[in-house]
Structures are given as structure tokens and as C-alpha cells.
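Student: Please take me through the charged side-chain pairs in this model. I would like a close look at them, and then a little of what else is there.

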Amino acid sequence: MTQPANVRRDPALPISTDLTRLGLLAWATQTAQRGRHVIPLRPNDKRPAGHAEQYCPATGRCADGHKTPEQRATTDVELLIAAWAQAPYNVRIATGPSGLRVIDLDGSIRTACPREAA
């Protein structure tokens with residue numbers, strides 16, 4: 001019986017211990033598989049990954065004009081896996097393309113209730 005090739009890890013290569021990337025990727029892929037359009041957000045941030053319109057290079061995916069985060073949102077799991085291989089992005093659902101409506105109830109905008117006005 002032949003022995004397997006040396007399978008020891010090259011000590012020069014770093015060991016990735018960033019398991020948050022896998023958890024966030026799992027959320028992103030499960031969300032996409034449910035038909036919800038996913039937008040990668042910058043790690044530890046609420047802003048979309050990619051460039052802002054004012055910095056658009058007008059090349060690649062933006063060759064025909066700048067693409068907003070909602071236009072770049074995807075349900076393609078392979079694209080999400082490729083993105084999360086680069087960084088541990090946060091996950092955002094593009095509500096419009098996903099057919100969702102959101103009501104923000106955090107109280108940051110205060111309007112008079114009809115009873116209060118009387």
C-alpha cells in the first residue's frame with residue numbers, strides 16, 4: 001500500500017480563524033435561496049460594499065452607467081460565495097427588488113398623533 005503524499009500544512013501559509021465570514025455567508029446564501037436579493041455591506045458597517053456614485057469608474061459592471069446597490073443586489077449564490085471569499089461582509093436585503101415593504105418604527109421621526117392634535 002502506498003503512503004499518501006505529505007499533507008502537512010505549509011507553515012508559511014496563515015490559518016484563517018475568521019469564522020464570522022462563514023456565518024455571514026450562510027445568512028447571505030440562505031436569504032438568496034429564499035428569493036431575497038442580497039447586498040454585501042462593508043465589514044462592520046452599514047454602507048454597501050463597492051464604490052459610491054461619485055467615485056464610479058464607469059468600467060466593468062458600471063460600463064453602461066453607475067449601478068446602485070439595489071441594482072447590484074443578487075440571489076446568485078455563486079456570486080455571494082465569491083464576494084464573501086474576499087471579505088466578511090455584512091448582509092443587507094434589497095427590499096424593493098425582493099418585493100418587501102419596510103416600516104421603520106425606531107421613533108427617529110416624530111409626528112403628531114391625531115389624538116394629540118386635538
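Tutor: Start with D45. Its relative accessibility is 21%, so D45 counts as partly exposed, since the buried class stops under 20%. Keep in mind that this is a predicted model. The partner of D45 is R47, and their side chains meet in a salt bridge, N to O at 2.6 Å. R47 is partly exposed too, with a relative accessible area of 46%.

Side chains of opposite charge can pair when their charged atoms come close. The structure holds two salt bridges. The other one joins R92 to E70, where the closest N and O atoms are 2.6 Å apart. This pair links distant parts of the chain. R92 sits in strand β2 (residues 90-93), E70 sits in helix α2, and 22 residues separate them. R92 is partly exposed at 27% relative accessible area. E70, at 33% relative accessibility, is partly exposed as well.

Helix α2 (69-72) also helps line the largest pocket, giving two or more residues to the lining, as do β1 (38-41) and α3 (77-84). That pocket holds about 280 Å³ of space. Its lining has 14 residues, with P40, R61, R72, T74 and A83 nearest the centre. By type, the lining divides into ten nonpolar, two polar and two charged residues.

Now the rings. There is one aromatic pair. The ring centres of W84 and Y89 are 5.6 Å apart and the planes stand at 80 degrees, so the pair is edge-to-face. W84 is buried, at 1% relative accessibility. Y89 is buried at 17%.

Conventions
Residues are numbered from 1 along each chain as its sequence is written. This is a predicted model: local features need pLDDT of at least 70, side-chain atom pairs count only at pLDDT 80 or more; totals for chains, interfaces and linings use all residues. Side-chain values use heavy atoms; hydrogens and water are left out. Rings of Phe, Tyr and Trp (its six-membered ring) pair if their centres lie within 6.5 Å; planes under 30 degrees apart count as stacked, over 60 as edge-to-face and the rest as tilted. Buried means under 20% relative accessible area, exposed over 50%, partly exposed in between (1.4 Å probe, protein chains only). On a 1 Å grid over the protein atoms alone, a cavity is a set of points where a 1.4 Å probe fits but cannot get out, and a pocket is an open set with protein on both sides within 12 Å along at least five of seven lines; lining residues have an atom within 4 Å of a point. Grid points are joined across faces, edges and corners, and a volume is the space filled by probe spheres set on the points. Helices (H or I, at least four residues) and strands (E, at least two) are DSSP runs, numbered from the N terminus. Ala, Val, Leu, Ile, Met, Phe, Trp, Tyr, Cys and Pro count as nonpolar, Asp, Glu, Lys and Arg as charged, and the others, Gly among them, as polar. A salt bridge is a side-chain nitrogen of Lys or Arg within 4 Å of a carboxyl oxygen of Asp or Glu.
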